Amino acid sequence: MTKSLQNIFYIILFSFFVTNISHAQKSKQELLKLIEQAALSPEAKGDYLCQLSSCYKKTDTIKAYHYANQALILARKENDIKSQAIAYEALSDVARFLDNVSLQIKYADSSYTLATASKDPKAIAYANYAIAYKNEFIGNKEKYIEYMLKSLAYFEKNKIRYDKLVNGYENLGAYYIDHNDLVFSKKYNKKALDLAYESKNQVNIANGLTSWALFLVRDAEQKTPADPDLLKTAEKNYLKAIAIFENEKRKGNIIGSYGRTCLNLTSLYLYHFFETEPEKTLAHLKKTEAVCLELNEPMQLMVMYGQQAQFYTNLNDIPNIEKVLKKVSDIIETHPKINPRYFALLYKNYMDLAEIKNDFASYKKYFNLYDKAVAVMMEKENRARDYNASVRFETEKKSQQIQLLTDNIESRKKINYLYTALVVLVFFMLLFMLRSYHFRQRSYIKTNLLLQKANEEATLLSKIKEEEAMIALLESELTEKELQIAIQEKKLNEQEKIKLQQELMTNNLQLEKKNEILKDIQNKLSTMKSEKSSDIKTISKTIDKSMEVDDEFELLKTSLANTNPVFFSTLQEKASGTLTKLDFKYCGYIKLGMSTKEIANHMNIETQSMRMARYRIKQKLNLDRETDLDTYITSVQ
């Protein structure tokens, strides 16, 4: 009995937490006065109408829809797609509160399409808020979190819509509580509370305190036994929130969240303080009943009566349990659209009660009703899952279509940019041709002037010839000096070539000496063929392979030295002189573009050994982890 009642309480209470609506910063009265101002711009008036819609959706959905629709009509009249997107978000929010899923999704999609077309950050933030709740409904939790965080980031940066900020972060905290991730739940619930205080709005603060207290209770319950200090802190936060709601009530503002806070505090007393403070539990239970009856919200009433049933169960007061369950039954019957899950839970509680009373006939009756309710619930949930799947499919399809349209728009923009560039290019070409013609005309005029002065210049011709003779003499001397310099450079190049040939000869002599030793060893091994002939053949093949590799590497080294003389010296300088001859072989083969496996096969070693060699070379060259060895060696000039 106790466990089933506790389950129904937590399910309904958590539902209230997720659907709780925070209020805007300005009161209804302030907003009503603002929209009547004659000098108000259409955009500002639309914003105030959307905020009024948010204020009324909890208490009067007809007015909420009216104000949001007014904002949409005003935006259409001004042909302002940015304001239209924001108005559609307000309509989607009202539809969400009314559980009208098809309208909610329709308005959310309209908001997102218009916001994307407008490219306005503010409109996109509102549209993301609507799309987040759409994805939450269709079960795409990753998209829900992604779009919600994008939306809240804009509101927080621009210090607007604290009601959406507090509500959004509360819902994120609730999502992570539901998934037992207390780290993220703490982060977002604390964020909601901090922003509520920053807003200086009392209702926001009360809602933030309630959400934070609920997190503290869940955190305390993770310990065995539950942490009493955290529970006491949660109680203080609940009491602060209730004091704020009572103050608002004295001002004439009845806030639906007041009932949620009272229910949460009653739950705390019932499940954690009942044994130590039963009188306080009873007193607050009666206060909660008065608040919920005044608010007259069916879901809150069901939770409240569920708490009373739990209280009387603790006292083993069967008559009062029956009275409370009868009240719950009446609420369910007068609200046929309530989720069948609650019917099933109610009949389960009646079954538990009949079992306590040993009333088999009643137990059988409620068992049959419970079985039917479960069947209806499963059928409805299956239909809901099918609907969610179809909506999700359509959403993905629309997203692809939007992406395709976006790509087409981008391609058209690129084509337009290309045409613009061509026009600019033609313009500059024409300008260049015009200037060229202008310069040619000026040159023609100058030539005529020179011809007219030819007689005057004849007297200077002899002097010019003398100067030309002097220039020719100087040029011959310069040519002779250049020839001498070229001869000296040729001598230096020949000396460097001779030095390089000497080094190559020395290397060849060392290689020949090594090969002679290896051949000597091979000859000796041939005389030992009778003993372990297979091993001797393997050693012989290895020696042959080594000789071939050395020969090939010397050719490679000579080729690299001719095409890139500083290749090996640059590597050795980078490695501070730590590279060995074997390292140079590996680097040379890498320079030729050979893969690790190809080098390993060529060198007759294991691929893993080659990888280790590469790692050692990379360390010697002081290369960081992100730098690719092949790319670096290829780039060395």
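At what angle do the axes of helix α22 (residues 581-591) and helix α24 (residues 607-620) cross, and within what distance do they come? In this predicted model, in which local features need pLDDT of at least 70, side-chain atom pairs count only at pLDDT 80 or more, and totals for chains, interfaces and linings use all residues, the two axes come within 11 Å and cross at roughly 100 degrees. Residues are numbered from 1 along each chain as its sequence is written, and side-chain values use heavy atoms, with hydrogens and water left out.

The axes are lines fitted to C-alpha atoms, for helices over the stretch in contact, with angles running from 0 to 180 degrees between N-to-C directions. Because angles of 65 to 115 degrees count as roughly perpendicular, α22 is roughly perpendicular to α24. Where these helices meet, Asp583, Tyr586, Cys587 and Ile590 of α22 face Met610, Ala613, Arg614, Ile617 and Lys620 of α24, a contact being heavy atoms within 4.5 Å.

Helix α24 also falls in an annotated stretch, residues 593-620, where UniProt, in an unreviewed entry, places the feature "domain: HTH luxR-type"; such positions are given in the numbering used here, feature names are shortened, and annotations may be inferred rather than shown by experiment. The span is 79% helix and 0% strand, and its end C-alpha atoms lie 21 Å apart.

Taken as a whole, the protein has 25 helices and zero strands, where helices (H or I, at least four residues) and strands (E, at least two) are DSSP runs numbered from the N terminus. Of its 637 residues, 40% count as buried, that is, under 20% relative accessible area with a 1.4 Å probe and protein chains only. Among contacts between residues at least 6 apart in sequence, 63% join residues at least 24 apart.

One buried position is Asn189, which sits in helix α10 (residues 182-199) and has 0% relative accessibility. Its C-alpha atom is separated by 6.4 Å from that of Ser211, 22 residues apart from Asn189 along the chain.

Why does the sulfur of Cys262 form no bond with the closest cysteine sulfur? The structure holds zero disulfides, a disulfide being a pair of cysteine sulfur atoms within 2.5 Å, and the sulfur of Cys262 is 6.9 Å from that closest sulfur, in Cys292, which is too far for a bond. Cys262 counts as buried at 0% relative accessibility, and Cys292 is likewise buried at 0%.

Conventions. Buried means under 20% relative accessible area, exposed over 50%, partly exposed in between (1.4 Å probe, protein chains only). Angles under 35 degrees count as roughly parallel, over 145 as roughly antiparallel, 65 to 115 as roughly perpendicular and the rest as oblique.
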